[in-house]
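Biologist: I have a model open and would like to learn how to read burial, salt bridges and pockets in it. Could you take me through them?

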Amino acid sequence: MTAIPIHVVDTFDDIREMLAAEYLDESQSYPWIVAFSGGKDSTLVAHLVFETLIDLPPSLRKRQLFFVSNDTLVESPLVVAHMRQTLEKILHAAAIYKLPVSGQVTTPDLKETFWTLLIGKGYPSPNRNMRWCTDRLKIQPTSKFILDKAAENGAAIIILGVRKDESATRKASIESHQNISNSNLTPHGSLPNAFVFRPIVDLSTDDVWEFLASNNPPWGGTHDSLIKLYREAAGGECPIVLSQDEAPGCGTNSSRFGCWTCTVVNKDKSLQGFVDVGKTEFQPLIEFRDWLVEIRNLPEYRQVERRNGTVTIKQGKHIPGPFTIEARQMILQRLLDVQTAYGSELISQEEVELIKQIWAQDLIQTYTRKNA
Ligand code: SF4
């Protein structure tokens, strides 16, 4: 079957028709992986894909479909709750309709979580020059899922809710990828045997909101909680991130649905939006994040040497090492105090245990080096 070219698609019926044609195209019958962040664009894609599947006769629903979401474990609390609840609803409804759909929430490896690296190993709070988090918290967990599916099935097709209208950077990034001839698929830039399909690439932001406001999701309920979430968070989103070049919004001021700990942005806007509408339980989290920014470059909290014992001098300037063990202990204690005040888990017990093991190893290594 010949793919319906994306440039002739201009209505939602056309998009559904294009999705059905792609789904039924046996020349590329690899599983679909819908990258679902819970934000407006991926919700629209999930909505349209789900409707397309329901409309197909059961005998034609042969292609396996996965909804994959990522939880950095430091997500903005209301956003991650919304994402998890919606994914659960999608999977529940898919089971009722007997659709070939399953789903997973990927998370970073325990050794690579935000707290393990910041408090355990003393990585300085991330900033624009040292954004060590995006790859470990977002790109690697989802990429691993995609690579596993591609290895099991020969290849995999990622359905992304990205749009040119999001920003000039996004438009340039989308336009830099060339479709395979006579197809709507683009080879993924860094994941071998993974292809990308962007069914809503030409829609405007108004198109997306208009559709979500006037159509209930096929998995039941309404999109009202999503619309409310955006209104309270004052807009913006942090989509599923699959590579650095697809993540222009991650940790920038245009991204307001990122990690609540994000010290790459100047001010956390999503939590502030929630506080402004009366959700004051998030105020201690905002203060903690601001404090992480403040202490980042204080020399008394940073080791002279790096974790491997070397001292870095660049262009005659000393580059400080990680947070000192004392600073890491102070950060953990303050985080645990915030967690008590907040009343819900911000750091897991496994992370706390691993962090203490890393501190012990660091102390032993420092002692051994000094006495060698
Ligand atoms: S939102 Fe901020 S802290 Fe989270 S991964 Fe992106 S840059 Fe890092």
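Biologist: Let's start with R163: is this residue buried or exposed?

Modeller: In this predicted model, R163 has a relative accessible area of 1%. The cut-off for buried is under 20%, so R163 counts as buried.

Biologist: Which side chain does R163 meet in a salt bridge?

Modeller: The general idea comes first: side chains of opposite charge can pair when their charged atoms come close. Here the partner of R163 is D41, with 2.8 Å from N to O. R163 sits in the loop between β4 (156-159) and α6 (168-175), while D41 belongs to helix α2 (residues 40-55), so the salt bridge ties together parts that are 122 residues apart in sequence. D41 is buried too, with a relative accessible area of 3%.

Biologist: Which residues are linked with R163 and D41 in a network of salt bridges?

Modeller: K40 and D165 join R163 and D41 in that network.

Biologist: How many salt bridges does the structure hold?

Modeller: There are 16. One of them pairs R84 with D71, their closest N and O atoms being 3.0 Å apart. R84 is in helix α3 (residues 77-96) and D71 in the loop between β2 (65-70) and α3, so this pair ties together parts that are 13 residues apart in sequence.

Biologist: How exposed are R84 and D71?

Modeller: R84 is partly exposed at 35% relative accessibility, whereas D71 is buried at 7%.

Biologist: And what does E232 form with K279?

Modeller: A salt bridge, with the closest N and O atoms 3.1 Å apart. This pair links distant parts of the chain: E232 lies in helix α8 and K279 in the loop between α9 and α10 (283-295), 47 residues apart. E232 is buried, its relative accessible area being 14%.

Biologist: Let's move on to pockets. What volume does the largest pocket have?

Modeller: About 610 Å³. Its lining has 20 residues, and those closest to the centre are P124, M130, R302, I319 and P320. Two elements, β7 (312-314) and β8 (317-319), give two or more residues each to the lining. The largest share, 3 residues, comes from β8.

Biologist: What is the lining of the largest pocket like by class?

Modeller: It has 6 nonpolar, 7 polar and 7 charged residues.

Biologist: One last residue: where is F257 placed?

Modeller: F257 is in the loop between α8 (224-233) and α9 (269-276). Loop residues can be checked for burial in the same way, and F257 counts as buried at 4% relative accessibility.

Note on methods. Residues are numbered from 1 along each chain as its sequence is written. This is a predicted model: local features need pLDDT of at least 70, side-chain atom pairs count only at pLDDT 80 or more; totals for chains, interfaces and linings use all residues. Side-chain values use heavy atoms; hydrogens and water are left out. Helices (H or I, at least four residues) and strands (E, at least two) are DSSP runs, numbered from the N terminus. Buried means under 20% relative accessible area, exposed over 50%, partly exposed in between (1.4 Å probe, protein chains only). On a 1 Å grid over the protein atoms alone, a cavity is a set of points where a 1.4 Å probe fits but cannot get out, and a pocket is an open set with protein on both sides within 12 Å along at least five of seven lines; lining residues have an atom within 4 Å of a point. Grid points are joined across faces, edges and corners, and a volume is the space filled by probe spheres set on the points. Ala, Val, Leu, Ile, Met, Phe, Trp, Tyr, Cys and Pro count as nonpolar, Asp, Glu, Lys and Arg as charged, and the others, Gly among them, as polar. A salt bridge is a side-chain nitrogen of Lys or Arg within 4 Å of a carboxyl oxygen of Asp or Glu.
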